[in-house]
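User: I've got this one open on my screen. Can you walk me through it?

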Protein chains: 2
Amino acid sequence: MSSHLKKLRVKIRENQLDALLVSNATNRRYLSGFTGSAGFLFITQSDAVLATDFRYVEQAGIQSPDFRIARIGGGFAGWFPELVNTLGARQIGFESDDLTLASYRQLVKAARKLPPKSRPSLVSTQGMIESVRAVKDVDEIRLIEKAADLADAAEEYAVTSLRPGMTEKQLAWELEKFLKEKGSEGLPFDIIVASGPNSALPHAQPSDRVIESGEPVVIDLGTRTQGYTSDITRTICLGKPSAELVRISRIVQQAQDAAFAGISSGISGGEADRLARKVIEEANYGEAFGHGLGHGVGIDTHEQPRLGQNSSDILAEGMVFTIEPGIYLPVWGGVRIEDMVLLEKEGPRIITRASKLKLREGS
Amino acid sequence: MSSHLKKLRVKIRENQLDALLVSNATNRRYLSGFTGSAGFLFITQSDAVLATDFRYVEQAGIQSPDFRIARIGGGFAGWFPELVNTLGARQIGFESDDLTLASYRQLVKAARKLPPKSRPSLVSTQGMIESVRAVKDVDEIRLIEKAADLADAAEEYAVTSLRPGMTEKQLAWELEKFLKEKGSEGLPFDIIVASGPNSALPHAQPSDRVIESGEPVVIDLGTRTQGYTSDITRTICLGKPSAELVRISRIVQQAQDAAFAGISSGISGGEADRLARKVIEEANYGEAFGHGLGHGVGIDTHEQPRLGQNSSDILAEGMVFTIEPGIYLPVWGGVRIEDMVLLEKEGPRIITRASKLKLREGS
């Protein structure tokens with residue numbers, strides 16, 4: 001965590017701030033290791049304070065050795081002015097995309113308790129920590145790889161568990177049990193098992209529909225390891241895949257391969273999306289690829305960078321993100337193939353390894 | 001849902017608003033039935049609009065028949081001014097305890113797109129819908145009772161499943177499987193299984209500690225049925241409870257009984273808390289009851305009213321809340337007994353029915 005703090009302090013300086021008040025729960029965990037549900041960080045160049053209530057003081061002391069723990073109660077008024085005064089911070093950033101208006105007003109009121117000459121300016125920031133989080137260090141990559149390995153194992157397990165007569169819900173529950181018994185810390189998102197026509201909806205929920213042979217079965221799942229998540233999708237099949245399923249799967253795979261081959265450090269999320277979308281458009285399914293190409297994965301399963309048609313996020317070495325083209329055809333169904341990659345100097349290295357539907361001619 | 005909307009419209013009128021913009025996810029679901037992860041409601045006396053993006057338009061149409069569905073993209077600027085203009089709303093409330101400062105600023109900017117004479121006033125509101133939600137109607141009570149029945153069954157199952165050598169994590173996982181296989185829609189919160197010294201922490205997480213005989217085992221769990229949740233705690237025991245466990249349990253039960261007997265419509269959450277706390281204080285364990293007496297239960301497992309030392313929430317007929325006194329003794333452990341009640345004319349009716357530790361003399 002101390003390396004995360006170090007990277008953030010550079011950002012704080014670049015933004016000409018004396019301090020940053022952190023309210024977002026994921027950012028709090030990323031910087032401090034603290035997993036409690038309530039608390040604020042207050043970070044300057046020389047100090048780092050974790051302010052939380054009586055429920056979490058003991059836990060915070062154990063989880064966040066780089067932080068001084070301040071026990072707080074009530075609103076900002078009870079601790080913010082004193083802390084600002086002690087640390088002499090004047091330009092204080094806060095997360096305006098996290099703090100509610102009501103909390104912000106309390107914060108302003110608390111700041112006004114200070115005498116005019118020591119009263120700070122509250123500076124709105126957005127995405128400052130999120131951009132630091134987007135580039136992973138070796139420890140984070142190790143945890144993400146571990147989370148990806150378990151997700152791979154679950155996708156393999158899905159292939160062996162899928163039996164005639166099984167419903168989407170039954171298969172989803174088998175997969176959930178598998179993941180939790182193998183040690184996933186909860187599930188970062190509900191498992192998607194979508195078969196036949198249901199697979200035409202990218203965010204379908206498992207239903208009581210019985211899975212039939214030959215049709216697409218989209219299985220999208222993730223796991224969590226020491227806070228870090230994984231996210232993978234396979235489109236599998238009970239029995240022999242229909243000719244249509246093989247044909248559509250091939251196009252989606254070609255689109256994904258084009259992204260694997262073309263993505264490199266320095267291009268934008270929009271350019272990355274274009275690489276895959278072009279393949280799908282050329283196969284005349286452009287309209288059927290209704291979502292972006294991918295998203296960063298870390299403590300949050302959806303974080304920076306965003307790979308999509310209008311994304312100006314610049315891809316950089318050390319980023320971990322999904323590449324997940326799909327084709328969704330109402331009534332018939334859909335195919336999505338999602339892998340996680342780590343962007344290295346040489347290009348994207350694929351982290352997820354679960355088998356894919358066999359797509360060779362004649363298979 | 002239409003009865004919820006009707007109740008809210010009375011509130012909107014009382015607050016001299018022409019419209020309310022709803023951003024909070026639970027409030028959105030409560031009023032519209034819509035379960036998607038993104039969208040806003042815009043409610044006037046004569047109209048109700050659910051604005052959501054392309055991912056959810058179809059689902060919204062099915063789940064929210066009382067609402068007109070508006071497909072939106074981007075920020076407020078794309079739809080808010082036009083809607084305000086069409087409906088002629090001037091005083092528009094918004095949820096300042098939910099909207100982030102960044103979103104609020106976007107909203108203000110969007111409102112400024114209108115010509116001065118049709119530009120609305122944005123009025124900060126807090127807890128308006130939450131206070132409506134606190135009083136349940138018959139349909140909601142039926143769902144909560146169903147959710148409570150399943151939670152009861154899980155507590156009974158815990159007693160029969162608890163075997164020598166079992167760890168807290170193992171028991172928690174058995175209970176999770178039981179709940180999900182019996183149809184709970186996910187779990188509203190992580191199951192707590194806390195044994196021996198661990199039970200001294202009200203929010204302990206299940207650990208690898210092996211549960212020993214005679215000691216307290218606090219089991220706190222809940223379920224979800226068509227959106228509505230339940231929340232129950234039992235303190236059970238492997239084998240014969242120690243004399244100390246029986247003694248402490250009796251005090252906690254007496255405290256809970258005092259609350260059952262004394263709570264009535266019209267008293268405050270603070271007065272309710274006092275009824276139970278007095279019993280625990282008189283037994284000289286006042287310091288060991290470190291949390292409030294209870295909380296409302298509905299779509300959120302923690303909602304209004306709050307029953308605690310400084311709560312001025314007034315209890316009213318139709319409210320559903322927990323009564324959960326506890327005594328927590330560092331090193332030794334803790335006992336918490338939590339039941340859900342529906343406040344009726346005659347007083348609280350207990351909804352949860354799972355067995356409790358036998359506390360008769362000589363047992």
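**Domains and contacts**

Analyst: Sure, starting with the domains: the C-alpha centres of domain 1 of chain A and domain 2 of chain A lie 36 Å apart. This is a predicted model, where local features need pLDDT of at least 70, side-chain atom pairs count only at pLDDT 80 or more, and totals for chains, interfaces and linings use all residues. Residues are numbered from 1 along each chain as its sequence is written, with chains lettered from A and ligands numbered from 1 in the order in which they are written.

User: What are the bounds of domain 1 and domain 2 of chain A?

Analyst: The bounds come from an automatic or database domain assignment. For chain A, that gives domain 1 (2-132) and domain 2 (138-350).

User: Which element gives the most to the side of domain 1 of chain A that touches domain 2 of chain A?

Analyst: Contact here is C-beta atoms, placed from the backbone, within 7 Å. Each of the two domains of chain A puts in 5 residues. On the domain 1 side, helices H2 (25-32) and H6 (128-133) of chain A each give two or more; helices are DSSP runs of H or I, at least four residues, numbered from the N terminus. The top contributor, with 3 residues, is H2(A).

User: How many residues does chain A give to the contact with chain B?

Analyst: Chain B supplies 15 residues, and chain A supplies 15 residues. Helices H5 (101-111) and H8 (168-181) of chain A each bring at least two of the chain A residues. So the count asked for, from chain A, is 15 residues.
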